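Please open the model in your viewer and keep the selection panel at hand, since each stop on this tour begins with something to select.

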Amino acid sequence: MFNTLYMISAPSGAGKSSLLQRILKKKLICNIQLSISYTTREIREGELHKKHYFFISKEKFQNMIKNNYFLEYAKVFGNYYGTSKKMIEGILSAGIDVLLDIDWQGAQQIRRKIPNSCSIFILPPSLKELSRRLYSRRQDSEKIITKRLLQVHKEMVHYIEYDYLIVNDCFDSAVRDLQIIVESERLRINKQQFFHNTLIKNLLNNL
Ligand code: 5GP
């Protein structure tokens with residue numbers, strides 16, 4: 001399989017969702033699709049079932065675990081999140097790269113199963129800015145924000161397991177960094193060799 005699975009992780013408030021939205025809405029990277037995860041968390045205002053997540057019950061999620069439905073799954077902030085094996089295989093075998101918004105536990109599982117996947121960690125420019133972003137987006141209750149802030153350190157220590165690191169200080173630069181990572185990955189010799197197989201054969205054999 002020569003298409004790539006990109007995993008993006010970050011602590012809450014580092015700006016991961018905004019980065020992904022910008023890339024996808026403005027089509028800044030071609031031939032790439034965001035995977036839609038399954039979760040047992042409650043739907044937030046403005047979110048849509050099947051668009052942002054497949055919102056399902058805990059019972060259904062546990063059944064899907066039993067039936068080996070997930071490529072990876074993890075419990076994050078007390079809720080289950082998981083990636084459909086079938087969805088990822090479908091996207092990659094259609095010749096499209098896939099982007100996964102995933103936590104560090106899921107990223108560890110995927111790295112073991114798909115060693116040539118590419119992982120990117122996003123850090124905020126400071127803890128103060130991270131906290132400001134969490135409060136200003138008004139998505140979660142005070143109680144949930146406090147819970148997320150307590151988790152931040154536990155998540156950030158995993159940055160070292162990733163292939164790339166982006167510090168999201170200037171949003172436009174962070175968007176550009178993400179584009180550059182994907183563009184560079186696509187230029188790797190093994191991928192270029194596969195995608196330009198005929199050209200390379202012609203160039204080398206017809207002198
Ligand atoms: P949120 O509830 O804010 O959308 O996401 C909470 C956390 O769950 C984020 O760190 C996000 O990356 C992670 N997450 C979202 N989807 C998945 C998934 O399919 N698998 C795993 N392991 N984590 C996920």
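Two strands are taken as paired if DSSP finds at least two bridges between them, and the elements themselves are DSSP runs numbered from the N terminus, with helices (H or I) of at least four residues and strands (E) of at least two. This is a predicted model, in which local features need pLDDT of at least 70 and side-chain atom pairs count only at pLDDT 80 or more, while totals for chains, interfaces and linings use all residues. Residues are numbered from 1 along each chain as its sequence is written, and side-chain values use heavy atoms, with hydrogens and water left out.

Select β6 (79–84) to begin. Five of its six residues are buried, that is, under 20% relative accessible area with a 1.4 Å probe and protein chains only. Add strand β3 (residues 38–39), which runs antiparallel to β6 and is joined to it by two bridges; tyrosine 38 has glycine 82 as its bridge partner in β6. Next add β5 (70–76), which is antiparallel to β6 and joined to it by six bridges, with valine 76 standing opposite asparagine 79. The two residues between β5 and β6 complete a hairpin, and in this turn phenylalanine 77 has a positive phi of about 50°.

Now turn to the pockets. On a 1 Å grid over the protein atoms alone, a pocket is an open set of points where a 1.4 Å probe fits, with protein on both sides within 12 Å along at least five of seven lines, and its lining residues have an atom within 4 Å of a point. A volume is the space filled by probe spheres set on the points, which are joined across faces, edges and corners.

The largest pocket has a volume of about 1,400 Å³. Select Lys16, Ser17, Arg44, Tyr53 and Asp101, which are the closest to its centre among the 50 residues that line it. The elements giving two or more residues to this lining are α1 (16–25), β5, β6, α4 (104–113) and α6 (142–156), and α1 gives the most, with seven.

The second largest pocket has a volume of about 290 Å³. Select Arg41, Glu42, Asn79, Asp140 and Ile144, the closest to its centre of the 14 lining residues. Here β6 and α6 are the elements that give two or more residues, and α6 gives the most, with three.

Conventions:
Buried < 20%, exposed > 50% of the residue type's maximum accessible area, 1.4 Å probe, protein only.
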